[in-house]
Amino acid sequence: MKRLMLAALIAAALAACTTTDTTTASAPEASATTATPASTSASADTAGFDAVLAGAWRDPKNVARDQYRHPGGTLSFFGVAPDETLIEITPGGGWYAEILAPYLRDDGQYVAAVWDDAIPGQPGYRYRLNKELRAKFAGNAAVYGTPDVRIFDPKAPVFGPAGSADTVLTFRNAHNWVADGNADAYFKAFFDVLKPGGTLGVVDHRAKPGTDLETMKKSGYLTEELVIGYATKAGFVLEEKSEVNANPKDTADHPNGVWTLPPSNDHDAADDAKYKAIGESDRMTLRFRKPA
């Protein structure tokens, strides 16, 4: 039923374009026993993901980043299904929301967990991105349905009633929690909101094994070991790794940290070609399970 609805949506509102997902075979911190390509993912709703990836509502600037963020392969690996309740943590201006909200529109529920705008003293970009996300959803129910934009206190995060979500996803956020010193609170909140057997999917910039904590805080890159440690401490079990977002060109030792690379491009203009050739960061992609 979901695929039929998506097909109808494409006929009415999608551009006649396609998006190709690519998987990189190796990365600085790959594990031969647990790292897997997207082809052995937990879910393979290729038709459903292709439908929303081709959506004319997607910002062309976001579509241009598909080559780095590999949304189809990533969501397949996390086992995202069209009839689940899914919470995305701090989705920013809505890069993944443009994909997830339409995908879950008819049979599921997309929840965007955002910082509480009423709490003063947060970085200014947080307020701006929340505004952009709400504007994206406003008056566009035909595409996005009725997403739940759910606020939380970053110092004491709670993402909903206990055991109410099937999946929690977070993209390139964990390094902020580590830098702020509240990563334990986030992972505990993920565990609490998920149903038994629920999935936690984490994507973040990957540091070389053995990188010290202070370097990670400054650079925005985290070791897989650190992230896995936070998750397992909260009660999760690491189910599988994927190399779908790996980038072996990224050495993870740039002068302005991960923000040196696209899309931030915090570097001298003379070095632009150098960093464009690298592309976006090397990223870990980890799937955890809350024990049933």
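Here are some notes on this predicted model, one topic per point.

1. Ground rules. The model is predicted, so local features need pLDDT of at least 70 and side-chain atom pairs count only at pLDDT 80 or more, while totals for chains, interfaces and linings use all residues. Numbering starts from 1 along each chain as its sequence is written, and side-chain values use heavy atoms, with hydrogens and water left out.

2. The cores. A good place to start is the largest nonpolar core, which has 40 residues. (A nonpolar core is a set of buried Ala, Val, Leu, Ile, Met, Phe, Trp, Tyr and Cys residues joined through side-chain atoms within 4.5 Å; buried means under 20% relative accessible area, exposed over 50%, and partly exposed in between, with a 1.4 Å probe and protein chains only.) Helix H10 (residues 183–193) gives the most to this core, with seven residues. (Helices, H or I of at least four residues, and strands, E of at least two, are DSSP runs numbered from the N terminus.) Apart from it lies another core, of 27 residues, and Trp95, Tyr110, Val114 and Val203 are among them.

3. Leu200. Among the residues with the most contacts inside the largest core is Leu200. Leaving aside neighbours within four places in sequence, Leu200 is in contact (heavy atoms within 4.5 Å) with Val168, Phe187, Phe190, Leu194, Phe236, Leu286, Arg287 and Phe288.

4. Helix H7. Does the length come out long, short or as expected for H7 (residues 124–137)? Its 14 residues should span 20 Å at 1.5 Å a residue (the expected span is 1.5 Å times one less than the number of residues), and the end C-alpha atoms are 21 Å apart, which agrees. Arg126, Leu129, Asn130, Leu133 and Phe137 are buried. Seen down the axis, these buried residues fall within an arc of 105°, so they line one face of the helix; the arc is that of the directions from the helix axis to the C-beta atoms. The face turned away carries the exposed Gly124, Lys131 and Ala135. Cover for the buried residues includes helix H6 (97–104) and strand S3 (109–115). Just after H7, Gly139 takes a positive phi of about 65°.

5. Asp166. This residue lies in strand S5 (residues 165–171) and counts as partly exposed, at 24% relative accessibility. A polar atom of the Asp166 side chain lies 2.8 Å from the backbone nitrogen of Thr85. A polar contact of 3.1 Å also joins the side chains of Asp166 and Lys195. (A polar contact is a pair of N or O atoms within 3.5 Å; within protein, one must be able to donate a hydrogen and the other to accept it, and residues adjacent in sequence count only if both atoms are side-chain atoms.)

6. Salt bridges. The structure holds 21 of them, each a side-chain nitrogen of Lys or Arg within 4 Å of a carboxyl oxygen of Asp or Glu. One joins Glu224 and Lys241 (2.8 Å, N to O). Glu224 lies in helix H12 (residues 224–234) and Lys241 in strand S7, so the pair ties together parts that are 17 residues apart in sequence. Both Glu224 and Lys241 are buried. Another salt bridge pairs Arg283 with Glu280 (2.7 Å, N to O). Salt bridges that share partners join Arg206, Glu224, Lys241, Glu243 and Asp282 into one network.
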